[in-house]
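Biologist: I would like a close look at a single part of this protein, the place where its two domains meet. Could you take me through it slowly, in one connected answer?

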Amino acid sequence: MAVVTGAGRGIGRAVARRLSAAGFRVGLTARNRADLAATADACAGPTLVVPADITDPAGVAEVFGAVEDRWGRVDVLVANAGAGMSAKVQETSDEDWQRMLDLNLTAPFRCMRQVVPGMVERGVGRIVVVASVAAKVGEPYVAAYTASKHGVLGLVRSAAAELARAGVTVSAVCPGYVDTPMTAETIANIADRTGRSRDEARAVLERKQPTGRLVTVDEVADAVWFCVNNPSVTGQGVDVDGGAVQS
Ligand SMILES: NC(=O)c1ccc[n+]([C@@H]2O[C@H](COP(=O)([O-])OP(=O)(O)OC[C@H]3O[C@@H](n4cnc5c(N)ncnc54)[C@H](OP(=O)(O)O)[C@@H]3O)[C@@H](O)[C@H]2O)c1
C-alpha cells in the first residue's frame, strides 16, 4: 500500500496513477477533496481519499490512521505536497519563511516518522520525497523555498544512512520546472511582475532546462517509480531536470 501527499493535481496525481498502475492500493491526500476525487477517478486500482492539511500534525496522524485502518501498514510513502514562493531575502517575512519550512521540510519529516517504525518492523519500505533542483543549487529570489528543499534533501540523506540495513530506502527526486499548476502560477507571477506575455514567461522557464522544454509529470513519476522499484537506490537526489544540474 502506498500513500501520496499532494495527490490532488500535478506531480502527485501522476505519481498516484503510476503506483496504482503498478498494483498498489493508494492513499491520496491534499486539502481539496474534489481534486483528490478526480485523482482517484484517474487511478486504475483501489484508492482512499483522505483530505487533510499536511502542515498540521493532527492532519498527518489522521491520514496515516485512516489508510492503516483500511489497509494495514504503509509500504511506500511519496512525500510530494509542497509549494513555492518568490521574494528577495530582505523581503521574505517570518510567516513566508515558516510556511515554506512547515510544508516542504517539516511535513515530509512528520510523514516519514509516521511510517518508519512499521517499515523497520517488516524489514522493507520505500520513502521518496519530491524535492527540487532547488535542493542542490541556489537561485535568486527563492531563499525560503531553496532552504526548505536543501533541508529536505539533508533529511533524506541522513534517514537513508540510518535505515539502509533495515531494508528501508529513502531518496529524493529533484525536478526542474515541471508542467503543473504550480508552474502555471510561477508563469503568471513572472508575467505580472515583468510585463512579459504568458508565452514569453513560459519560454523563460523552458530555457532553464538545457532540453529547452518543461519536464512532464510522467517523467517525474517515472523517476519516483525508479526509486520505489530498486532496493539499491537510496540516499539519492535524482535530478529530473533536462540536464540543468549535473550532480
Ligand atoms: N512544478 C515544478 O516545476 C516543480 C519543480 C520542482 C519541484 N516541485 C515540487 O514538486 C511537488 C509537487 O509540485 P506540483 O508542481 O505538482 O504542485 P501543485 O500542482 O501546486 O500541487 C501541489 C499539491 O500539494 C498539495 N498541498 C499544498 N499544500 C498542502 C497542504 N498544506 N496540505 C496538504 N496538501 C497540500 C496541493 O493540494 P491542496 O492545495 O488541495 O492542498 C496539491 O495537491 C512540490 O513539493 C514542489 O515543490 C515542483
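Modeller: What follows goes from the two domains to the residues between them, and then to the salt bridges around that place. Please keep in mind throughout that this is a predicted model.

The protein chain is divided into domain 1, made of residues 2-176 together with 216-240, and domain 2, which covers 177-214. Taken over C-alpha atoms, the centres of domain 1 and domain 2 are separated by 24 Å. Where the two touch, 14 residues of domain 1 are in contact with 11 residues of domain 2. The size of an interface is often given as the accessible area lost when the parts come together. For domain 1 and domain 2 this buried area is about 830 Å², and carbon and sulfur atoms give 58% of it. On the side of domain 1, Glu139, Gly176 and Thr216 supply 41% of the area that this domain buries against domain 2, which is more than any other three residues.

Polar groups also take part, since the count between domain 1 and domain 2 is four residue pairs in polar contact. As for the elements involved, α1 and α8 (217-229) are those that give two or more residues to the side of domain 1 that touches domain 2, and α8 gives the most, with three residues.

Between the domains there are also two salt bridges, whereas the structure as a whole holds 10. Lys208 forms a salt bridge with Glu139, with the closest N and O atoms 3.3 Å apart. This pair links distant parts of the chain, for Lys208 sits in the loop between α7 and α8 while Glu139 sits in the loop between β5 and α5, 69 residues apart. Both partners lie between the buried and the exposed extremes: Lys208 is partly exposed, with a relative accessible area of 35%, and Glu139 counts as partly exposed at 38% relative accessibility.

The loop between β5 (125-130) and α5 (143-163) also holds Tyr141, whose phi is near 70°, a positive value in a residue other than glycine. Tyr141 is partly exposed, with a relative accessible area of 48%. Lys136 lies in the loop between β5 and α5 as well, and its partner Asp239 is in strand β7 (residues 237-240), 103 residues apart from it. The closest N and O atoms of the salt bridge between Asp239 and Lys136 are 2.6 Å apart. Asp239 counts as buried, because its relative accessibility is 19% and the cut-off for buried is under 20%.

Turning to domain 2, we can look at its helix α7 (residues 198-206), in which Ala201, Ala203, Val204 and Leu205 are buried. These buried residues of α7 pack against α6 (181-194). Arg202, in contrast, is partly exposed, with a relative accessible area of 27%, and Arg202 forms a salt bridge with Asp179, the closest N and O atoms being 3.3 Å apart. Asp179 lies in the loop between β6 (168-175) and α6, and Arg202 in helix α7, so the pair ties together parts that are 23 residues apart in sequence. Salt bridges that share partners join Asp179, Arg202 and Glu206 into one network. Finally, the loop between α6 and α7 contains Ser197, which counts as partly exposed at 34% relative accessibility.

Conventions. Residues are numbered from 1 along each chain as its sequence is written. This is a predicted model: local features need pLDDT of at least 70, side-chain atom pairs count only at pLDDT 80 or more; totals for chains, interfaces and linings use all residues. Side-chain values use heavy atoms; hydrogens and water are left out. Domain bounds come from an automatic or database domain assignment. Contact means heavy atoms within 4.5 Å. Buried area is the accessible area (1.4 Å probe) that two parts lose on being put together, summed over both. A salt bridge is a side-chain nitrogen of Lys or Arg within 4 Å of a carboxyl oxygen of Asp or Glu. A polar contact is a pair of N or O atoms within 3.5 Å; within protein, one must be able to donate a hydrogen and the other to accept it, and residues adjacent in sequence count only if both atoms are side-chain atoms. Helices (H or I, at least four residues) and strands (E, at least two) are DSSP runs, numbered from the N terminus. Buried means under 20% relative accessible area, exposed over 50%, partly exposed in between (1.4 Å probe, protein chains only).
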